[in-house]
Amino acid sequence: MRYKVAFAVGLGLGYVLGSRAGRERYEQLKKSAREVAQNPAVRNAAETAGQAGRQYAGKAVTVLGDKVGGVLPAPLAERVRALRGRGGGYEDEWGTSNT
């Protein structure tokens with residue numbers, strides 16, 4: 001019985017101390033992630049990646065539309081038109097403008 005009580009006390013103490021250390025580490029990670037997300041270089045890279053994704057999505061829809069005879073579900077076609085409209089009129093490497 002004595003060993004069971006000692007084990008239970010040790011288990012409880014380990015849980016409390018471990019959860020405190022875990023919470024502190026979690027707060028450190030959260031703070032670091034927030035600092036990285038607010039970094040201008042990271043924000044610029046994320047915006048560039050978003051623009052490239054919109055560009056390639058527009059190309060994919062055009063190719064897909066040509067392959068299936070121009071039949072796309074209306075919600076998908078509307079969403080792609082909205083995404084392509086946010087690009088600001090740029091020309092891709094194939095010389096086609098997506099404005």
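This is a short talk on the helices, salt bridges and surface of one chain.

Okay, hi everyone. One thing up front: what you're looking at is a predicted model. So let me start with the overall layout. The chain has three helices and zero strands, and if you walk along the sequence you get α-α-α. There are 99 residues, and 11% of them are buried. On the surface side, the chain exposes about 8,100 Å², with 60% of that coming from carbon and sulfur atoms.

Right, on to the charged side chains. How many salt bridges does a search of the whole structure find? The search turns up three. Let's take them one by one.

Start in helix α1, which runs over residues 2-37. E27 and R23 pair up through their side chains in a salt bridge, at 3.0 Å from N to O. Along the sequence, these two sit four residues apart in helix α1, so about one helical turn separates E27 from R23. E27 also has a salt bridge with K30, this one at 3.9 Å, N to O. For anyone wondering about that number, the cut-off is within 4 Å, so the E27–K30 pair at 3.9 Å counts. E27 and K30 are three residues apart in helix α1, so again we're talking about one helical turn or so between them.

How covered are these residues? E27 is partly exposed, since its relative accessible area is 30%. K30 comes out as partly exposed as well, because its relative accessibility is 34%.

Now helix α2, residues 40-67, where we find R54. The side chains of R54 and E47 form a salt bridge at 3.4 Å, N to O. Going back to helix α1 for a second, salt bridges with shared partners tie R23, E27 and K30 into one network.

So is R54 buried or exposed? R54 is buried, because its relative accessible area is 16% and the cut-off for buried is under 20%. Its partner E47 is partly exposed, given a relative accessible area of 41%. The R54 and E47 side chains also show up as a polar contact, at 3.4 Å.

Last stop, the nonpolar side of things. M1, V5 and V9 make a nonpolar surface patch of about 340 Å². V5, for one, is part of helix α1, and V5 counts as partly exposed because its relative accessibility is 44%.

That's what I had, thanks.

Conventions: Residues are numbered from 1 along each chain as its sequence is written. This is a predicted model: local features need pLDDT of at least 70, side-chain atom pairs count only at pLDDT 80 or more; totals for chains, interfaces and linings use all residues. Side-chain values use heavy atoms; hydrogens and water are left out. Patches are made of residues with over 30% relative accessible area and no salt bridge: like charges are joined within 9 Å, nonpolar side chains (Val, Leu, Ile, Met, Phe, Trp, Tyr) within 5 Å. Accessible areas come from the Shrake-Rupley method with a 1.4 Å probe; for residues, only the protein chains shown count as cover. Buried means under 20% relative accessible area, exposed over 50%, partly exposed in between (1.4 Å probe, protein chains only). A polar contact is a pair of N or O atoms within 3.5 Å; within protein, one must be able to donate a hydrogen and the other to accept it, and residues adjacent in sequence count only if both atoms are side-chain atoms.
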